[in-house]
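Reader: I'd like a close look at a single part of this protein, picked apart strand by strand. Could you walk me through one sheet and what sits around it, with the cut-offs spelled out as you go?

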Amino acid sequence: MRDVIRQCIAPLEESVLKLEEGRPTANDVTAVLESLGLTHVKLASAQVISLLDMLADGITPLNEGIVTSLLRLCEAHKKFLCSLAGVLDQPRQAAVPGIEAALAAEAVRAETQPDAPAGDPQANGHGPAVPATSSDLAEAQANQALAASKQGITSIRVPTERLDSLIELVGKLMVTFAVLSQSGTRGATLSASTLAELDTVITGLQNQVDAIRLVPLKQIFLPMNRLVQSLSQKMGKKVRFTITGDELALDKTIVESLNEPLVHLLRNALDHGLEPPEERADKGKDETGSVHLNAYRKGETAFVEVSDDGRGLNAARILQKAQERGLVEPGQALSEQEIIQFILASGFSTAEKVTDVSGRGVGMDAVANAIRVQLGGDITIENLPGAGSRFTLTIPLSRSVNEGIVDALVCRVGSELLIVPSRDVLEIYAPAPHDLVALPDGSETVSVRGQIFHLLRLCRHLGLGDACNGIEQGLIITVRMGEVSAALLVDEVLRQQQVVVTGFTVPVQDIYTLPILGFGMMGESDALVLDIEKLLAELTAGPQAQPAQP
């Protein structure tokens with residue numbers, strides 16, 4: 001029920017946010033007020049009614065405060081409906097006054113007794129005062145917005161025509177299967193034509209299932225708006241937050257994985273990027289800073305950008321911190337682009353003090369890990385001309401290989417068949433003996449068209465044979481995930497085909513340390529799917545991470 005309520009309120013929030021785009025007409029404002037029920041509110045004061053009429057008629061111009069208040073009304077509607085349904089996460093206790101009531105009482109006390117100190121329990125003769133401030137309210141709203149942004153996607157809207165197409169494809173699949181099972185020995189022609197039809201149906205079925213998993217980015221972008229507004233109020237900064245490209249639809253797993261990195265980037269943009277209003281005024285800037293969240297797609301790659309017009313990244317300070325941590329040698333010549341990449345290092349932070357917003361040294365490390373490891377993408381950082389900075393997330397749109405139908409290479413290592421997901425493969429190369437170089441620590445490298453890769457003999461690494469064939473008798477498969485790459489030596493690459501990957505019914509990964517992702521079903525034979533991410537992690541960790549040799 002909570003998801004249904006959220007889907008009902010989402011169009012209201014979207015209509016409110018559209019008021020900030022361009023110059024809304026009086027009809028646009030009236031439509032929003034009618035949706036929120038403000039045009040039917042019965043108030044005793046004619047002056048208050050006139051204020052609403054002036055807003056509806058376009059006499060009162062829209063500003064950020066009005067838009068923020070309308071968004072809070074949307075949130076109030078959501079809480080009210082969740083209360084009616086009995087699914088409110090943290091119901092408000094009627095016996096305890098809330099922060100809003102405390103602020104109202106403090107405002108009345110300040111007007112009636114301006115000389116009384118704040119929080120004086122005897123100021124108005126009504127007992128102890130509630131020690132609440134505007135920062136408390138902003139902090140509560142920020143925490144609430146952050147919690148809302150972390151909620152996963154539990155439901156997906158699917159158009160009825162897409163479901164009809166899916167049901168039709170399933171029906172064709174059943175008919176084709178029946179034809180195959182009843183054909184008997186009536187000839188190869190019937191089987192060949194039926195198999196061709198079966199391939200067409202399965203391809204269409206896979207495309208429809210992939211399309212059903214698509215989720216628009218607005219499902220995570222809309223909560224970001226509330227997060228930015230709440231955090232800016234908490235930090236005392238004026239922010240103009242804009243969103244473009246939220247109609248872009250990506251796979252559900254990608255959208256969920258993007259949520260946490262975007263939260264980190266927006267928090268950093270508000271805390272580190274944007275200056276306080278007085279500092280911006282001294283620099284001749286608009287006191288209201290700008291933060292922009294943009295998403296777009298080029299081919300099979302999606303791009304998500306977070307930019308601001310703040311102070312930008314201080315390359316000199318980043319270089320100083322990098323030298324203190326031993327990440328760069330003193331006197332080493334580096335470009336600005338190379339220097340600012342150091343902020344992605346684990347635990348790196350230039351903050352003078354740790355706050356509950358940033359400065360803990362885990363934000364950018366978590367962003368880089370999520371994008372490069374979980375999504376197989378990358379992150380680029382740049383200072384914009386003039387002022388500000390831009391963080392660009394690059395995400396490949398190929399689906400995760402954790403389960404489902406994936407393209408893969410079927411390889412032979414010794415007497416075993418192994419499956420290598422194609423999304424991680426760069427190329428297949430037939431090496432020569434002179435391409436191999438043995439290192440003093442016992443590891444090996446191989447040169448592939450002039451590029452050096454760490455060599456991993458799968459027969460030895462996985463314990464699949466007492467003696468491995470020479471490098472000239474096998475094939476090299478170069479793989480990459482993020483910035484880490486390696487060369488895998490296999491005995492033979494049999495073919496490339498689509499494989500159905502499924503998880504184990506028992507916790508195999510908890511029992512064995514082998515880099516196995518799951519079980520791959522190929523029809524006439526089955527094989528284990530290699531976990532390239534875990535393989536590369538073991539390779540970069542050093543010899544102590546290698547499994548015991550047989």
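Author: Sure, let's start at one edge. β6 and strand β7 (residues 389-396) pair in the antiparallel sense over six bridges. Pairing here takes at least two bridges found by DSSP between two strands, and the elements themselves are DSSP runs numbered from the N terminus, with helices being H or I of at least four residues and strands E of at least two. Within that pair, T380 stands opposite T392 in β7.

Before going further, a word on what you're looking at. This is a predicted model, where local features need pLDDT of at least 70 and side-chain atom pairs count only at pLDDT 80 or more, while totals for chains, interfaces and linings use all residues. Residues are numbered from 1 along each chain as its sequence is written, and side-chain values use heavy atoms, with hydrogens and water left out.

Now the whole sheet. It is open, has five strands in the order β2-β4-β5-β7-β6, and its pairing is mixed. β2 and β6 (378-383) are the edge strands, each pairing on one side only. On average, neighbouring strands are turned by 15 degrees against each other, direction ignored; the axes behind such angles are lines fitted to C-alpha atoms, for helices over the stretch in contact, and angles run from 0 to 180 degrees between N-to-C directions.

Over at the β2 edge, strand β2 (residues 238-244) runs parallel to strand β4 (residues 288-298), and seven bridges join them. There you'll find V239 opposite G289 in β4. On the other side, β4 is joined to strand β5 (residues 301-308) by eight bridges, and these two run antiparallel. One pair to click on is H292, whose bridge partner in β5 is S307. β4 and β5 make a hairpin with two residues between the strands, and G299 takes a positive phi near 65 degrees there.

That hairpin is also where the rings are. A search of the whole structure finds one aromatic pair. It consists of Y296 and F303, which are stacked, at 5.1 Å centre to centre and 15 degrees between the planes. For the cut-offs: rings of Phe, Tyr and Trp (its six-membered ring) pair if their centres lie within 6.5 Å, and planes under 30 degrees apart count as stacked, over 60 as edge-to-face and the rest as tilted. Y296 counts as partly exposed because its relative accessibility is 26%, whereas F303 is buried, with a relative accessible area of 16%. Buried means under 20% relative accessible area, exposed over 50%, and partly exposed in between (1.4 Å probe, protein chains only).

What lies across the sheet? Helix α9 (residues 218-235) lies across β2, β4 and β5, and runs at about 170 degrees to β2. Contact means heavy atoms within 4.5 Å.

To put this part in context, the protein comes to 17 helices and 18 strands. Of its 550 residues, 37% count as buried. Among contacts with a separation of 6 or more, 66% are between residues 24 or more positions apart.

There's another sheet you can hold next to this one: an open, mixed sheet of six strands ordered β10-β14-β15-β13-β12-β11. β10 (425-429) and β11 (436-438) stand at its edges with a single partner strand each, so one side of each is left without a neighbour in the sheet. Its twist averages 30 degrees from one strand to the next.
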